[in-house]
Amino acid sequence: MKASSLSFFAAVIAVLIGMSWGIVMAISKDHSAMPAHAHLNLLGWVSLFLFGIFYRLHPSLEVSRTALMQIWVWIIGTISLTVGVAMLHAGNQAGEPFAGIGSFVLLGDMVLFGWLVVRYEQRRSGIPSSQPAE
Ligand code: HEM
C-alpha cells in the first residue's frame, strides 16, 4: 500500500472515532475526555491527512519504505498517546507510560517526516543537500 493511501484510510477511521467520541461527550455532558478527543482528531485526522497530501504530491517518495514506516509509526504513536491521555483524564495513572512513550514516538516520527520534507524539497529546487542555501 502507498503511504498516502494508508494515511487517508487511517485519517478517516480516526475522525469517525473522534467525532463519535465528541458526540458521546456532548450527549453525556461529561467532557473529561476532551484532551484525548482533541489529540485523536488533530494527530489522527488532521496530521495524517496532511501527511497523505504531501506524499501524494511526491510520487517517488510515497512508494518508499521510509514513508510507509513513518505513517505506521504515527498511527501507533497516536493510538498510544490517545489511550494514555484518556486513561489519565479518567483518573487512571497507568496511562502515563502510554502518553509519555506515545509523545516521544510522535516527536521522533515528526523529525523523520521533517527530514523527508527537507530532503525532497531540496531535490525539487535543485539545491544539493551538502550545500547550504543562500
Ligand atoms: C461530531 C463532531 C465533534 C463533536 C460532537 C465534538 C465535540 C467536542 C466536545 C463536546 C468538546 C469539549 C468542549 C469543552 O469541554 O469545552 C470538544 C473539544 C475539542 N474538539 Fe471536538 N468534536 C467534534 C469534532 C472535532 C474535530 C473534527 C476536531 C479536530 C479536527 C475536534 C477538535 C477538538 C478540540 C481541539 C477540542 C478542545 C477545545 C478546547 O480546548 O476548548 N473536534 N469537542
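This note comments on the metal site, aromatic pairs, nonpolar core and largest pocket of a predicted model.

1. Basis. The model is predicted, so local features need pLDDT of at least 70 and side-chain atom pairs count only at pLDDT 80 or more, whereas totals for chains, interfaces and linings use all residues. Residues are numbered from 1 along each chain as its sequence is written, and side-chain values use heavy atoms, with hydrogens and water left out.

2. Iron site. His37 is the only protein donor of the iron atom of the ligand, through NE2 at 2.0 Å. Donors are N, O and S atoms within 2.8 Å of the metal (3.2 Å for Na, K and Ca); water is not among the atoms, so sites may look incomplete. Histidine 37 belongs to helix 2 (residues 34-57); helices are DSSP runs of H or I with at least four residues, numbered from the N terminus.

3. Aromatic pairs. The structure holds seven aromatic pairs. Rings of Phe, Tyr and Trp (its six-membered ring) pair if their centres lie within 6.5 Å; planes under 30 degrees apart count as stacked, over 60 as edge-to-face and the rest as tilted. The pair of phenylalanine 8 and phenylalanine 49 is tilted, because the planes stand at 45°, with the ring centres 4.7 Å apart. This pair links helix 1 (residues 3-28), which holds phenylalanine 8, to phenylalanine 49 in helix 2, 41 residues apart. Phenylalanine 49 is partly exposed, at a relative accessible area of 30% (buried means under 20%, exposed over 50%, partly exposed in between; 1.4 Å probe, protein chains only).

4. A second pair. Tyrosine 55 and phenylalanine 113 have ring centres 5.8 Å apart and planes at 85°, so the pair is edge-to-face. Tyrosine 55 in helix 2 is thereby paired with phenylalanine 113 in helix 5 (residues 96-124), 58 residues apart. Tyrosine 55 is buried at 0% relative accessibility, and phenylalanine 113 is buried at 11%. Both rings belong to a cluster that ring pairs form with Phe51, Phe54 and Trp74.

5. Nonpolar core. The largest nonpolar core (buried Ala, Val, Leu, Ile, Met, Phe, Trp, Tyr and Cys residues joined through side-chain atoms within 4.5 Å) has 22 residues. Those with the most contacts inside this core include Phe51, Tyr55, Trp74 and Ile75. Helix 1, helix 2, helix 4 (65-89) and helix 5 each give two or more residues to the core.

6. Largest pocket. Sixteen residues line the largest pocket, and Ile13, Ala14, Ile17, Leu40 and Ile79 lie nearest its centre. Helix 1 supplies the largest share of this lining, seven residues. A pocket is an open set of points on a 1 Å grid over the protein atoms alone, where a 1.4 Å probe fits, with protein on both sides within 12 Å along at least five of seven lines; lining residues have an atom within 4 Å of a point.
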